[in-house]
Amino acid sequence: MISGIITVFLFLFLGVIGLMVFVFWIWMLIDAIQNKGLTEGEKICWVLAVVFLHLIGALLYYFIGHPKRDTPLSPT
């Protein structure tokens, strides 16, 4: 009885994590396609990386290829 309940909760937990990973992957794929800060060649490379490397490609794009926001200069 207890193991069945634990199995259900584990299944639901992993399902939610999997859904979040899938949404993140789709978000990075769309962002790589629409990124105006990249040249066409860079776009193609990032899209291929995200498609073929899945989560690792999406994480690499998020931390490396995703455009950085301009931060205002601090008055010094």
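V51 touches W25 and L29 once its neighbours within four places in sequence are left aside; contact here means heavy atoms within 4.5 Å. The model is predicted, so local features need pLDDT of at least 70 and side-chain atom pairs count only at pLDDT 80 or more, while totals for chains, interfaces and linings use all residues. Residues are numbered from 1 along each chain as its sequence is written, and side-chain values use heavy atoms, with hydrogens and water left out.

Let us stay with V51 for a moment. V51 sits in helix α2. Helices (H or I, at least four residues) and strands (E, at least two) are DSSP runs, numbered from the N terminus. With a relative accessible area of 30%, V51 is partly exposed. Three words describe this property: buried is under 20% relative accessible area, exposed is over 50%, and partly exposed is in between (1.4 Å probe, protein chains only). From C-alpha to C-alpha, V51 and M28 are 9.8 Å apart in space, and 23 residues apart in sequence.

Now for the chain as a whole. The protein chain has 2 helices and 0 strands. Of its 76 residues, 21% are buried. If you take contacts between residues at least 6 apart in sequence, 50% of them join residues at least 24 apart.

How do the helices pack? Helix α1 (residues 2–34) and helix α2 (residues 40–65) meet at an angle of about 155°, and their axes are 9 Å apart. Axes are lines fitted to C-alpha atoms, for helices over the stretch in contact, and the angles run from 0 to 180 degrees between N-to-C directions. The helices α1 and α2 are therefore roughly antiparallel to each other. Angles under 35 degrees count as roughly parallel, over 145 as roughly antiparallel, 65 to 115 as roughly perpendicular and the rest as oblique. On the α1 side, the residues that meet α2 include V21, F24, W25, M28 and L29. Their partners in α2 include W46, V50, V51, H54, Y61 and Y62. Sorted by class, this contact has 17 nonpolar, 1 polar and 2 charged residues. For these classes, Ala, Val, Leu, Ile, Met, Phe, Trp, Tyr, Cys and Pro count as nonpolar, Asp, Glu, Lys and Arg as charged, and the others, Gly among them, as polar.

Next, look at the aromatic rings. A search of the whole structure finds 6 aromatic pairs. Rings of Phe, Tyr and Trp (its six-membered ring) pair if their centres lie within 6.5 Å, and planes under 30 degrees apart count as stacked, over 60 as edge-to-face and the rest as tilted. Here are two pairs that involve F24:

| Pair | Centre to centre | Angle between planes | Arrangement |
|---|---|---|---|
| F24 and W27 | 5.9 Å | 75° | edge-to-face |
| F24 and Y62 | 5.9 Å | 65° | edge-to-face |

F24 and W27 are 3 residues apart in helix α1, so about one helical turn separates them. F24 counts as buried because its relative accessibility is 18%, whereas W27, at 47%, counts as partly exposed. The pair of F24 and Y62 ties together parts that are 38 residues apart in sequence, because F24 lies in helix α1 and Y62 in helix α2. Y62 has 31% relative accessibility, so Y62 counts as partly exposed. Ring pairs link F24, W27, Y62 and F63 into a cluster.

Is Y61 buried or exposed? Y61 is buried, with a relative accessible area of 0%. Y61 is placed in helix α2. Apart from its neighbours within four places in sequence, Y61 is in contact with M28, D31, A32, N35, L38, W46, V50, H66 and P67. One of these partners, W46, is 15 residues from Y61 in sequence and 6.7 Å from it in space, C-alpha to C-alpha.

Finally, meet H54, also in helix α2. Most residues other than glycine have a negative phi. H54 is not a glycine, yet has a positive phi of about 50°. With a relative accessible area of 48%, H54 is partly exposed.
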